[in-house]
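Biologist: Please take me closely through the loops of this model and the places where they meet the rest of the fold. I would like one connected account.

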Amino acid sequence: MYNFSQEQLRRYARHFSLRECGFKGQEKILESKVLIVGAGGLGSPVAYYLAAAGVGEIGIIDADNVDLSNLQRQILHSTADLGIPKVESAQKKLQAINPDVTITPFLSMLDSHNALEIISQFDVVVDGCDNFASKFLINDACVLLNKPYSHGGILRFSGQSMSVKPNESACYACIFDSPPPQGSVPSCAEAGVFGSVAGILGSIQATEVLKIITGIGEPLYNQLLSFDSLSMAFRKVKLKKNPQCRVCGENGITQLQSYTWQECKL
């Protein structure tokens, strides 16, 4: 059994009290490695909660610097961080929360050249990115590497999430097939996003990741959860794996492809 320190026994006491989690669950969390793609609106709450929970290693990949327009929803960053890389700001905040956690920053975009190498180092992946190209790339790489991941997207007052377990559940391409035509979906900058919606969806994704790691509960496999914050209505739609899916189907992909970049829901 894991040799918990006295500090860890106090820090994770509320997890130990949960029959479904307990010492075994916390041990799994401490030994896990999670990659968060995007240190923005969704990546911020996901990173905070995973660091607080004690995830052993958190990788964060993002190529952007902190901008003033980010601060309305991207709670990893502050006014003092303006102009510095988001991964640098994130590393500083997360290490202050929990010294148990190793933060591994990647100051880069995730692309078809580095995705397999980076994702292969982690157990679970979080899609917190802001463009369709990255979302489909994450799905494809996770299917090829058999890595579970949590998808999330937000726009205006709404959000959606699903979890993917390659070879067993429906993947992102089973449901959406391919990126929409350029300009057919408004970007966050064009349509806007209610800041706290990122916190709601990010918290859901963090919970999904912890469930996947510990093996407790029922992750959103073969389910798409969506919510409208104006009415606080939540809805789950059942999904099915598509045997003819161009990514995970019988004649699915064997290598990564590059997608056209298009801003979407963050």
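Modeller: Asn 167 sits in the loop between strand 6 (158-164) and helix 8 (172-176), in what is a predicted model. Although Asn 167 is not a glycine, its phi is positive, at about 75°. Because its relative accessibility is 52%, and the limit for exposed is over 50%, Asn 167 counts as exposed. A positive phi is also found at Met 232, again not a glycine, where the value is about 55°. Met 232 belongs to the loop between strand 7 (223-228) and strand 8, and with a relative accessible area of 49% it is partly exposed.

Other loop residues are buried, and Asn 131 is one of them, with a relative accessible area of 2%. Asn 131 is placed in the loop between strand 4 and helix 7, and its side chain reaches the backbone nitrogen of Ala 133 at a distance of 3.3 Å.

Ser 32, in the loop between helix 3 (22-30) and strand 1 (33-37), is likewise buried, its relative accessibility being 4%. The side chain of Ser 32 comes to 2.7 Å from the backbone oxygen of Ile 29. When residues up to four places away in sequence are set aside, Ser 32 touches Val 55, Gly 56, Glu 57, Asp 123 and Ile 213. For Glu 57, which is 25 residues from Ser 32 along the chain, the C-alpha atoms of the two residues are 6.6 Å apart.

Two of these partners can be followed further. Val 55 lies in the loop between helix 4 (43-53) and strand 2, and it counts as buried at 0% relative accessibility. Its contacts, again not counting residues up to four places away in sequence, are Ile 29, Ser 32, Val 34, Leu 50, Val 101, Leu 210 and Ile 213. Between Val 55 and Asn 98, which are 43 residues apart along the chain, the C-alpha separation is 9.6 Å. Glu 57 is part of strand 2 (residues 57-61), and because its relative accessible area of 15% is under the 20% limit, Glu 57 is buried. Beyond its neighbours within four places in sequence, Glu 57 is in contact with Ser 32, Lys 33, Val 34, Thr 102, Thr 104 and Phe 122.

The contacts of Val 55 include Ile 29, Leu 210 and Ile 213, and these residues bring us to a pair of helices. Helix 3 and helix 10 (residues 195-214) pack at an angle of about 110°, and 9 Å separates their axes. The two helices are therefore roughly perpendicular to each other. On the side of helix 3 the contact is made by Gly 25, Lys 28 and Ile 29, and on the side of helix 10 by Leu 210, Ile 213 and Thr 214. Sorted by class, the contact of helix 3 with helix 10 has three nonpolar, two polar and one charged residues.

Phe 122, a contact of Glu 57, leads on to the aromatic rings. A search of the whole structure gives 10 aromatic pairs. One is the pair of Phe 106 and Phe 122, which is edge-to-face, with 6.3 Å from centre to centre and 75° between the planes. Since Phe 106 lies in strand 3 (residues 102-106) and Phe 122 in the loop between helix 6 (115-119) and strand 4 (124-127), the pair ties together parts that are 16 residues apart in sequence. Both rings belong to buried residues, Phe 106 having a relative accessibility of 16% and Phe 122 one of 0%.

A tilted pair is formed by Phe 136 and Tyr 259, with 5.6 Å from centre to centre and 40° between the planes. This pair links distant parts of the chain, since Phe 136 is in helix 7 (residues 132-145) and Tyr 259 in the segment after strand 8 (233-238), 123 residues apart. Phe 136 and Tyr 259 are both buried. Elsewhere, ring pairs join Tyr 2, Phe 4, Phe 16 and Phe 23 into a cluster.

Note on methods
Residues are numbered from 1 along each chain as its sequence is written. This is a predicted model: local features need pLDDT of at least 70, side-chain atom pairs count only at pLDDT 80 or more; totals for chains, interfaces and linings use all residues. Side-chain values use heavy atoms; hydrogens and water are left out. Rings of Phe, Tyr and Trp (its six-membered ring) pair if their centres lie within 6.5 Å; planes under 30 degrees apart count as stacked, over 60 as edge-to-face and the rest as tilted. Helices (H or I, at least four residues) and strands (E, at least two) are DSSP runs, numbered from the N terminus. Buried means under 20% relative accessible area, exposed over 50%, partly exposed in between (1.4 Å probe, protein chains only). Contact means heavy atoms within 4.5 Å. A polar contact is a pair of N or O atoms within 3.5 Å; within protein, one must be able to donate a hydrogen and the other to accept it, and residues adjacent in sequence count only if both atoms are side-chain atoms. Axes are lines fitted to C-alpha atoms, for helices over the stretch in contact, and angles run from 0 to 180 degrees between N-to-C directions. Angles under 35 degrees count as roughly parallel, over 145 as roughly antiparallel, 65 to 115 as roughly perpendicular and the rest as oblique. Ala, Val, Leu, Ile, Met, Phe, Trp, Tyr, Cys and Pro count as nonpolar, Asp, Glu, Lys and Arg as charged, and the others, Gly among them, as polar.
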